[in-house]
Amino acid sequence: METKKHKQEIGTGIDKLHDDILIAVLSCMSLKDVVRTSVLSSRWRYLWMFTSGTLDFDDWNTSTRKIMKREKFKALVNRVLNLHQGSRVDNLVIRFTNLCYQFRTSEIDSWIYFAMRKKVKGFELDFSVDDGFHCCYKFPSIEELLLLSPSSAFGSLRCLKLVDVDIDDEVIRYFLASCPYIEHLCIRDSDATMNLEIVGPLPNLKKLEISNCLNLRSLEISSTNLVSCTYQGRKISSPFKNTPNLTELTLGGKFCHSFAYEPNKHSSYSDQLVKLVLNFQTVGRERPIASPDLHTLYFLERLELNIVSIGCRSLFFFTSLIKGSPNLRKFKIKIEYFTYSQQSTALKLNGGRMELFPEVTSATTGGFHHKNLKVIEMCGYIGLRSEDEFIMQLIKVAALSLDVVFIDTQTDYHFYCAKESYGTNALQRSSELYDRQRRHAICCATDLKRKCISQIKFVIT
């Protein structure tokens, strides 16, 4: 009885609050939790329609690990947006991975127009899928946007993220010119983006990503307050014209290769970097040895490499990047290995050739000491000799400064190996092989720990 009475007292207390206060509280909650409150009482049934927080839709259900049926997801999004009565929404996020090729663009256009009417601060459309399918949805033109809003269509926008959405260069320029508060711009997998200019005062733009735009021919970035940038794509002329505050850079594709193999072509901006992430690909012909004349990255403190490799290939090439970064404090490398069938498929697709990073010896890359490296982290470790030799080399060159070595043995490589060996039907045997390979990697990492200097801490997971 006391418990029931206590709940009634709490309910009575909440019910005494004004609607504006309740709506403000609901606006801080997730969409899923907000909708749940509609069953509390008749008064709460419609309050969620006036919230101004984040409307976040995702057709991937993390709890069931299944994708929602296409029509059901579209109906959900349309129903919530149509019922919303508030004047503003802070953020609208729609991740639709099950979009078919034959879709009605008018439905997606209506989602964009909703974002315009509600004066969103953050807007994200993500139509990407794992199998590489491109949905070919075209973002509305400037004329179509202005038809609905003669003034600035997205005047309050601070963050725009478009993934697998084709958007013209002129529309991107329109966003930059008419959105004075924009802080984060991401254009990924747009086939319509060709000659892009990120130019102007752009006083608030701090973060920029241009990735995997296959038809991109030129890119110019001139933004004095830009701090973080990601460019993944073809090799083009250096896009960084005036970026004095750029300190964090992520590169991928052919342009990443150019940065690693032709470093002096990037010296105009690379010497100001504090954090650098390089995503190496493996397509085409094998790369010759890089020039030993490396540009020194004096301010670089954190270096991350994401590479794809084949088993037992030497990793010593990457010590040259560490040598060229005398003030580096943390080095992280994540390795994804090809299984036998994946390697065969890659060779067939590329005419029997694969582009891998140069293979060099320890004698070529040794002969220096690093005075500032504190942390080494290797992810995707499977217990190969090439991995051990690389870690030992880094420990040797940073023996006086190194504090800790992290080795992470969690990798999809074990899963794919097990799947190739026994298939998806032999679930138990696949699981046993996965566990055995993982235990082997942990044992190898433990043996490596015994060989190292005692004062260096090893963390193995």
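User: Let's start with His370: in which loop is its place?
Analyst: A friendly note to begin: this is a predicted model, where local features need pLDDT of at least 70, side-chain atom pairs count only at pLDDT 80 or more, and totals for chains, interfaces and linings use all residues. Numbering runs from 1 along each chain as its sequence is written, and side-chain values rest on heavy atoms, with hydrogens and water left out. Helices (DSSP runs of H or I, at least four residues) and strands (runs of E, at least two) are numbered from the N terminus. His370 is found in the loop between helix 12 (362–365) and strand 17 (375–379).

User: Is His370 buried or exposed?
Analyst: The cut-offs are under 20% relative accessible area for buried and over 50% for exposed, with partly exposed in between (1.4 Å probe, protein chains only). Among the residues that His370 touches (heavy atoms within 4.5 Å) are Ile322, Pro326, Leu328 and Val397. Its relative accessibility is 5%, so His370 counts as buried.

User: And which residue's backbone oxygen lies 2.7 Å from a polar atom of the His370 side chain?
Analyst: The contacts of His370 include Ser325, Asn327 and Ser401. At 2.7 Å from a polar atom of the His370 side chain, we find the backbone oxygen of Ser325.

User: Which helix gives the largest share of the largest nonpolar core?
Analyst: A nonpolar core here is a set of buried Ala, Val, Leu, Ile, Met, Phe, Trp, Tyr and Cys residues joined through side-chain atoms within 4.5 Å. The largest one holds 113 residues, and Phe123, Ile198 and Phe318 have the most contacts inside it. Seven of its residues, the largest share, belong to helix 5 (residues 105–117).

User: Which residues do ring pairs link into a cluster with Phe123?
Analyst: Rings of Phe, Tyr and Trp (its six-membered ring) pair if their centres lie within 6.5 Å; planes under 30 degrees apart are stacked, over 60 edge-to-face, and the rest tilted. Leaving aside residues up to four places away in sequence, Phe123 touches Phe139 and Phe154, among others. Ring pairs join Phe123 into a cluster with Phe139, Phe154, Tyr174 and Phe175.

User: What is the angle between the planes of Phe139 and Phe175?
Analyst: The whole structure has 14 aromatic pairs. In the edge-to-face pair of Phe139 and Phe175, the centres are 5.8 Å apart and the angle between the planes is 65°.

User: How many residues apart in the chain are Phe139 and Phe175?
Analyst: Both Phe139 and Phe175 are buried. Phe139 belongs to the loop between strand 5 (122–126) and helix 6 (142–148), while Phe175 is in helix 7 (residues 169–178); the pair thus links distant parts of the chain, and its members are 36 residues apart.

User: How many of the ten residues of helix 7 are buried?
Analyst: Buried members of helix 7 include Val171, Ile172, Tyr174 and Leu176. Their cover includes helix 6, strand 6 (159–163), strand 7 (184–188) and strand 8 (195–199). Helix 7 is mostly covered, and of its ten residues the number buried is seven.

User: Last one: which residue of strand 11 is the bridge partner of Glu209?
Analyst: Strands pair if DSSP finds at least two bridges between them. Strand 11 (residues 228–233) has all six residues buried, and runs parallel to strand 9 (residues 207–211), with five bridges joining them. Strand 11 also pairs in the parallel sense with strand 13 (residues 248–252) over five bridges, where Cys229 faces Leu249. Opposite Glu209, the bridge partner in strand 11 is Thr230.

Definitions and conventions: Polar contact = N/O pair within 3.5 Å; in protein donor to acceptor, adjacent residues only side chain to side chain.
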